[in-house]
Number of protein chains: 2
Amino acid sequence: MSKQYTVAVAGATGAVGVEMLKCLEQRGFPVKHLKLLASKRSIGREMEFAGEKIKIEELTQDSFAGVDIALFSAGASRSREFAASAVAAGAVVIDNSSAFRLDDKVPLVVPEVNPEDVKWHNGIIANPNCTTVLMLVALKPLHDISPIQRIVVSTYQSASGAGAQAMDELVNQTRQYLEGEDLVISILPHQSAFNLFSHNSAIDEASGYCEEELKMVNETRKMLHDPRIRVSATAVRVPVLRAHAEALTFEQVRKVSVEEARQALAKAPGVKLVDDPKANYFPMPLDASDQDEVLVGRLRDDLSSDRGLSLFLCGDQLLKGAALNAVQIAELLIRRG
Amino acid sequence: MSKQYTVAVAGATGAVGVEMLKCLEQRGFPVKHLKLLASKRSIGREMEFAGEKIKIEELTQDSFAGVDIALFSAGASRSREFAASAVAAGAVVIDNSSAFRLDDKVPLVVPEVNPEDVKWHNGIIANPNCTTVLMLVALKPLHDISPIQRIVVSTYQSASGAGAQAMDELVNQTRQYLEGEDLVISILPHQSAFNLFSHNSAIDEASGYCEEELKMVNETRKMLHDPRIRVSATAVRVPVLRAHAEALTFEQVRKVSVEEARQALAKAPGVKLVDDPKANYFPMPLDASDQDEVLVGRLRDDLSSDRGLSLFLCGDQLLKGAALNAVQIAELLIRRG
């Protein structure tokens, strides 16, 4: 019998944590024992995994004895507080937060993009920001044909990126709107129902970019191992529940034809081409939700550059954008022993 | 007493037609007599204008006797069918459809952008596509500082762009979704509720761009009088009811600083700066709806180009994107005699 692993999920009750459990189960991850860790207020609650009810335990410095793999999705401050204990206890931490993503000693990994980077980990591997994961799954096969030099990206980000409470808020606000009631705005800063707004992360005063946009700049450079890649991002929240979309326009060293790009994307891991101009059928959040693949379409020449292409993509922010990618990193670790 | 005009509105019952009436009334347009024209099925219905009930008449070749200004918003085929009769009867046609926009003999006008072009009309003046109007109101003051050479734009277009029925469909579908009912999809091709999709106009087979995107390319060149301007657009429908948003990244001949651009936009006609990074408050459809101004914010250096800037804008698609611009063209004609 092949080896089995003790896995801990820190932040098990969050929107991403719930999806991590589903991914582990559906993908038949070799789990010997599963520990579900969360904050004090969830203690005693149970969650189901593979037909078994598992009690949630409090996340503490002592939670990780015997743990092989610790999947963290409890926010950056929890990761900073508890990851070292997990590593000290012998676990490999796969961290979904922003805490270690730009740490030179921590690889930032998407298995379809830079699997080789897991080799040099020191106990922690970071999971990139959701928008960057989705973008690079689509761009890596094209980057392999000719290096990408410049990306202009606009995002259409769903409420799920701000957690389960933001999804509830969108549904509740929409109901309130339709019933003519006062709208309750508490999780996201502005009205979500039938509205959209610039991403709610803090704006960097010097550059004018929000954190979400700067993640796309810095994480892209780190994962493609090229600090010269220039990225200009606009991150926007839209009233969609679960999957993110992105409009990309990008330039490569040499002009890659639409046909060449299409062929590369058709066989690329993690990508599903959804590109039917005659039927006007392209990637939609509705179709990307609950799907592992990043849907890619609207592949066309960038009319504004001689070396540019444009495409539109949608991907499930909770799956490939978070939980699935973390579990795939764990699978990659196992395959590499 | 200053001169008054007989005004006809062709397509009076549509989403834009209704707004045209409101604009004429609210702006105190010197209307002597108002003719409301629509298809046969609206005959006998009444609409209110300045406290008066006006009967809707059928739009025919004989509708325009005595009409000074004919505002058309009944679709391109009606414009092609009836505009010549209006001109022959002595009216100036201001046409909101795509029928004549790229006709060399027809000026395409946004009063804040190229008012001088009304001079050379031959009876017809075209009103640009909504996304182009909003984009150029924001870009013209910057183009005046240093010519714009390249634009990459992603749109976030509301249901109103597809008419009143599409707005109703979004509301109805959303209600159906929340109540767990089957969703009725009939006006727009895909589910609107909590979803988004590539703009529903036809895709040009050669280029891969949809009509909406190519309008932004061609109309921008025509209005800025520079066929060398390169535009790459991605047009997307989002589940917002009324105002459009656009993320713009653009390059100019020389690098214009954020501060220089901000000063130009602060005093630009038709523009309202909404740019508060500390409060994370930027243009939103919610704030742009029912407003005459195009809201502009997120003004920042384009991190991917040494001569680039980026901004985010929202504008009421039915007002500045359609009805208001048409009425402003009429006002411009009157001012110029």
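Two residues are taken to be in contact if their C-beta atoms, placed from the backbone, lie within 7 Å. The model described here is predicted. By this criterion, and leaving aside neighbours within four places in sequence, A:Leu313 is in contact with A:Leu134, A:Ala138, A:Ala245, A:Glu246, A:Leu248, A:Pro283, A:Val294, A:Leu295 and A:Val296. A:Leu313 also belongs to the largest nonpolar core, which has 226 residues. Within this core, the residues with the most contacts are A:Leu313, A:Ala70, B:Leu313 and B:Ala70.

In chain A, strand E1 (residues 5-10) has parallel pairings with two strands, described here in turn. Strand E2 (residues 31-38) of chain A is joined to E1(A) by 6 bridges, and the two strands run parallel. In this pairing, A:Ala8 stands opposite A:Lys35 of E2(A). Between E1(A) and E2(A) the chain passes through helix H1 (residues 15-26) of chain A, forming a right-handed β-α-β crossover. E1(A) also pairs with strand E5 (residues 69-72) of chain A, in the parallel sense and over 4 bridges. Here A:Val9 is the residue of E1(A) that stands opposite A:Leu71 in E5(A).

In chain B, an open sheet of 6 strands is found, with the order E10-E8-E12-E15-E14-E13 and mixed pairing. The edges are formed by strand E10 (230-234) and strand E13 (271-273) of chain B; each has a single partner strand, so one side of each is left without a neighbour in the sheet. From one strand to the next, the twist averages 25°. The pairing of E10(B) is with strand E8 (residues 148-156) of chain B, in the parallel sense and over 5 bridges. B:Ser154 stands opposite B:Thr234 in E10(B).

Helices pack against these strands. Helix H5 (residues 211-223) of chain B lies across E8 and E10 of chain B and runs at about 155° to E10(B). Helix H8 (residues 319-335) of chain B packs on the sheet as well, where it touches strand E12 (243-252), strand E14 (294-301) and strand E15 (308-316) of chain B. The direction of H8(B) makes about 65° with that of E15(B).

Two residues were examined for their backbone angles. A:Arg298, which lies in strand E14 (residues 294-301) of chain A, has a positive phi of about 55° although it is not a glycine. There are 24 C-beta neighbours inside 10 Å of A:Arg298, and 20 or more are required for a residue to be buried, so A:Arg298 counts as buried. B:Asn280 likewise is not a glycine and has a positive phi of about 55°. B:Asn280 is placed in the loop between E13 and helix H7 (285-288) of chain B. With 16 C-beta neighbours inside 10 Å, B:Asn280 counts as partly exposed, because this number falls between the limits of 12 or fewer for exposed residues and 20 or more for buried ones.

The contact between the chains takes 50 residues from chain A and 50 residues from chain B. On the side of chain B that touches chain A, at least two residues each are supplied by E8, helix H4 (164-178), strand E9 (197-198), E10, E12, H7, E14 and E15 of chain B. E8(B) gives the largest share of this side, 5 residues. By residue type, the side of chain B that touches chain A divides into 28 nonpolar, 15 polar and 7 charged residues.

Technical notes: Residues are numbered from 1 along each chain as its sequence is written. Chains are lettered from A and ligands numbered from 1 in the order in which they are written. This is a predicted model: local features need pLDDT of at least 70, side-chain atom pairs count only at pLDDT 80 or more; totals for chains, interfaces and linings use all residues. Two strands pair if DSSP finds at least two bridges between them. A crossover is right-handed if, with the strands pointing away from the viewer, the path from the first strand over the helix to the second runs clockwise. Axes are lines fitted to C-alpha atoms, for helices over the stretch in contact, and angles run from 0 to 180 degrees between N-to-C directions. Ala, Val, Leu, Ile, Met, Phe, Trp, Tyr, Cys and Pro count as nonpolar, Asp, Glu, Lys and Arg as charged, and the others, Gly among them, as polar. A nonpolar core is a set of buried Ala, Val, Leu, Ile, Met, Phe, Trp, Tyr and Cys residues joined through C-beta atoms within 7 Å.
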